Amino acid sequence: LDQSVEPDQRIIVVGDLHGMLHKAKSLWRVLEDALTAPVLLHALVIFLGDYCDRGLYTKELLAWLAALQRERERRGGGGGCL
């Protein structure tokens with residue numbers, strides 16, 4: 001891992017979203033509730049591919065992921081990857 005990742009930092013990996021915006025948002029809410037928003041903000045969150053090979057809301061999903069990354073960066077959150 002990158003040296004900027006702390007040994008005790010949470011790492012969350014999400015894959016295979018397939019254009020399902022509603023599922024991605026639902027998962028994010030579950031993560032916020034389970035971990036609390038401040039803990040989630042400082043976690044390293046990695047979204048793996050398969051964003052747009054299926055599903056009805058590919059464009060909206062990509063826009064939401066980009067907005068989420070910008071918001072996390074603005075709030076000083078942990079790393080995130082698209």
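# Exercises on a predicted model

Ile-11 is partly exposed, with a relative accessible area of 40%. (Buried means under 20% relative accessible area, exposed over 50%, and partly exposed in between, with a 1.4 Å probe and protein chains only.) This is a predicted model, where local features need pLDDT of at least 70, side-chain atom pairs count only at pLDDT 80 or more, and totals for chains, interfaces and linings use all residues. Residues are numbered from 1 along each chain as its sequence is written, and side-chain values use heavy atoms, without hydrogens and water.

## Exercise 1: Ile-11 and its strand

Place Ile-11 in its strand, then find its bridge partner in E2.

Step 1. Ile-11 sits in strand E1, residues 11–14. (Helices, H or I with at least four residues, and strands, E with at least two, are DSSP runs numbered from the N terminus.)

Step 2. Look at the side chains along E1. Ile-12 and Val-14 point to one face and are buried. Ile-11 and Val-13 point to the other face and are not buried.

Step 3. E1 pairs with strand E2, residues 44–47, in the parallel sense over 4 bridges. (Two strands pair if DSSP finds at least two bridges between them.)

Step 4. The bridge partner of Ile-11 in E2 is Leu-44.

Step 5. Now take Ile-46, also a residue of strand E2. Ile-46 counts as partly exposed because its relative accessibility is 22%. Its C-alpha atom is 7.7 Å from that of Ile-11, although 35 residues separate the two along the chain.

## Exercise 2: A nonpolar surface patch

Which residues make the nonpolar surface patch of about 260 Å²?

Step 1. Apply the rule. Patch residues have over 30% relative accessible area and no salt bridge; like charges are joined within 9 Å, and nonpolar side chains (Val, Leu, Ile, Met, Phe, Trp, Tyr) within 5 Å. Areas come from the Shrake-Rupley method with a 1.4 Å probe, and for residues only the protein chains shown count as cover.

Step 2. The patch is made by Ile-11, Val-13 and Leu-48.

Step 3. Link this to the strand. Ile-11 and Val-13 point to the same face of E1, the one whose side chains are not buried.

## Exercise 3: The nonpolar core

Describe the largest nonpolar core and the elements that build it.

Step 1. The largest core has 17 residues. (A nonpolar core is a set of buried Ala, Val, Leu, Ile, Met, Phe, Trp, Tyr and Cys residues joined through side-chain atoms within 4.5 Å.) Those with the most contacts inside it are Ile-12, Leu-17, Trp-28, Phe-47, Leu-61 and Trp-64.

Step 2. E1, helix H1 (21–35), E2 and H3 each give two or more residues to this core. H1 gives the most, with 5 residues.

Step 3. Zoom in on Leu-61. Leaving out residues up to four places away in sequence, Leu-61 touches Leu-17, Gly-19, Met-20, Leu-21, Ala-24 and Tyr-51. (Contact means heavy atoms within 4.5 Å.)

Step 4. Compare with the general trend. In soluble globular proteins, nonpolar side chains tend to be buried together.

## Exercise 4: The salt bridge

How many salt bridges does a search of the whole structure find?

Step 1. The search finds 1 salt bridge. (A salt bridge is a side-chain nitrogen of Lys or Arg within 4 Å of a carboxyl oxygen of Asp or Glu.)

Step 2. The partners are Glu-71 and Arg-74, with their closest N and O atoms 2.7 Å apart.

Step 3. Both residues lie in helix H3 (residues 58–74), 3 residues apart, about one turn of the helix.

Step 4. Check the surface. Glu-71 counts as partly exposed because its relative accessibility is 32%. Arg-74 is exposed, at 61%.

## Exercise 5: Positive phi in two loops

Is His-18 buried or exposed? Where does Thr-36 lie?

Step 1. His-18 lies in the loop between E1 and H1. Its phi is near 50°, a positive value in a residue other than glycine.

Step 2. His-18 counts as buried because its relative accessibility is 11%.

Step 3. Thr-36 lies in the loop between H1 and helix H2 (37–41). Its phi is near 80°, again positive in a residue other than glycine.

Step 4. Thr-36 is partly exposed, with a relative accessible area of 39%.
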